[in-house]
Amino acid sequence: MAEIQLSQSEADLLLAMQKIKVDDTLWNLPDFGGKLSIPLISYDKKERFSLDIWRGGIDLKRQKYQSRSRDAVVLARLDIGSPHRNPDGLEVGVPHLHLYREGYGDKWAFEIPEGIFADINNRWQTLADFMKYCNITQSPQFRRDLLT
């Protein structure tokens, strides 16, 4: 599949765009080693998005939360569990945030700015904070159980 390229201003606009749930599905967060992709839509229903959630299998602390547009374009991804090496060779620690960068897609990661995530060790709070960061204003519904 060919990689979709966006201008930086277009990617920034898509990340800032208000996103809402598609329906009232009650989602289960993935178990260890699992992943989940939840469809979202823009408020005006002209753009489609996805909220992806991964959970590590071997490294149980490893998690990823990702917002995609146009099926394949990663707008933002929060990685918890392993460092990342940027194209310029600089290593970014854990946790870190990938943001779309024109010409590079999601290959660049950044230290997380203060005030975005209240408690990175609290999975529910981190998910809520990530959805807020990605402007998911009408969030999907999740089933909470003892294992999550």
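**A walk from a loop to the core**

In this predicted model, D71 is placed in the loop that runs between β5 and β6. The backbone there deserves a careful look, since phi of D71 is near 65°, a positive value in a residue other than glycine. D71 has a relative accessible area of 65% and is therefore exposed, the cut-off for that class being over 50%. R70 belongs to the loop between β5 (63-69) and β6 as well, and R70, although not a glycine, likewise has a positive phi, of about 50°. With a relative accessible area of 29%, however, R70 counts as partly exposed, because this class covers what lies between the limits of 20% and 50%.

A further backbone feature is found in the loop between β8 (91-92) and β9 (96-99), where P95 sits. The peptide bond leading from V94 to P95 is cis, with omega near -10°.

From these local details one can step back to the overall arrangement. The protein has 2 helices and 12 strands, and, read from the N terminus on, its elements follow the order α-β-β-β-β-β-β-β-β-β-β-α-β-β. The C-alpha trace spans about 40 × 40 × 35 Å along its principal axes. For 148 residues, a compact globule would have a radius of gyration near 15 Å, and the protein, at 15 Å, agrees with that expectation. Among contacts between residues at least 6 apart in sequence, 43% join residues that are at least 24 apart.

Which elements supply at least two residues each to the largest nonpolar core? This core has 29 residues, and those with the most contacts inside it are L51, I53, L127, F130 and F142. The elements that each contribute at least two residues are α1 (8-16), β3 (35-42), β4 (48-55), β6 (73-80) and α2 (123-133); of these, β6 gives the most, with 5 residues. The strand that follows the loop of R70 and D71 is thus also the one that gives the most to the core.

F130 offers a closer view of how such a core residue is surrounded. Once residues up to four places away in sequence are set aside, F130 touches L51, Y65, Q66, S67, A76, R77, L78, L97 and F117. L51, one of these partners, is itself listed with F130 among the residues with the most contacts inside the core.

The loop between α2 and β11 (136-138) holds N135, a residue that counts as partly exposed because its relative accessibility is 24%. Leaving aside neighbours within four places in sequence, N135 is in contact with L15, A16, M17, Q18 and K19. The C-alpha atoms of N135 and I20 are 8.7 Å apart in space, although 115 residues separate the two in sequence.

Finally, the surface and the charges can be taken together. Of the 148 residues of the protein, 42% count as buried. The accessible surface comes to about 8,500 Å², and 51% of it belongs to carbon and sulfur atoms. As for charge, the protein carries 20 positive and 21 negative side chains, and the centres of these two sets lie 4 Å apart.

Methods. Residues are numbered from 1 along each chain as its sequence is written. This is a predicted model: local features need pLDDT of at least 70, side-chain atom pairs count only at pLDDT 80 or more; totals for chains, interfaces and linings use all residues. Side-chain values use heavy atoms; hydrogens and water are left out. A nonpolar core is a set of buried Ala, Val, Leu, Ile, Met, Phe, Trp, Tyr and Cys residues joined through side-chain atoms within 4.5 Å. Buried means under 20% relative accessible area, exposed over 50%, partly exposed in between (1.4 Å probe, protein chains only). Helices (H or I, at least four residues) and strands (E, at least two) are DSSP runs, numbered from the N terminus. Contact means heavy atoms within 4.5 Å. The radius of gyration is taken over C-alpha atoms; the globule rule is 2.2 Å times the number of residues to the power 0.38. Accessible areas come from the Shrake-Rupley method with a 1.4 Å probe; for residues, only the protein chains shown count as cover. Lys and Arg count as positive and Asp and Glu as negative; His and the chain ends are not counted. The place of a charge is taken as NZ of Lys, CZ of Arg, CG of Asp or CD of Glu.
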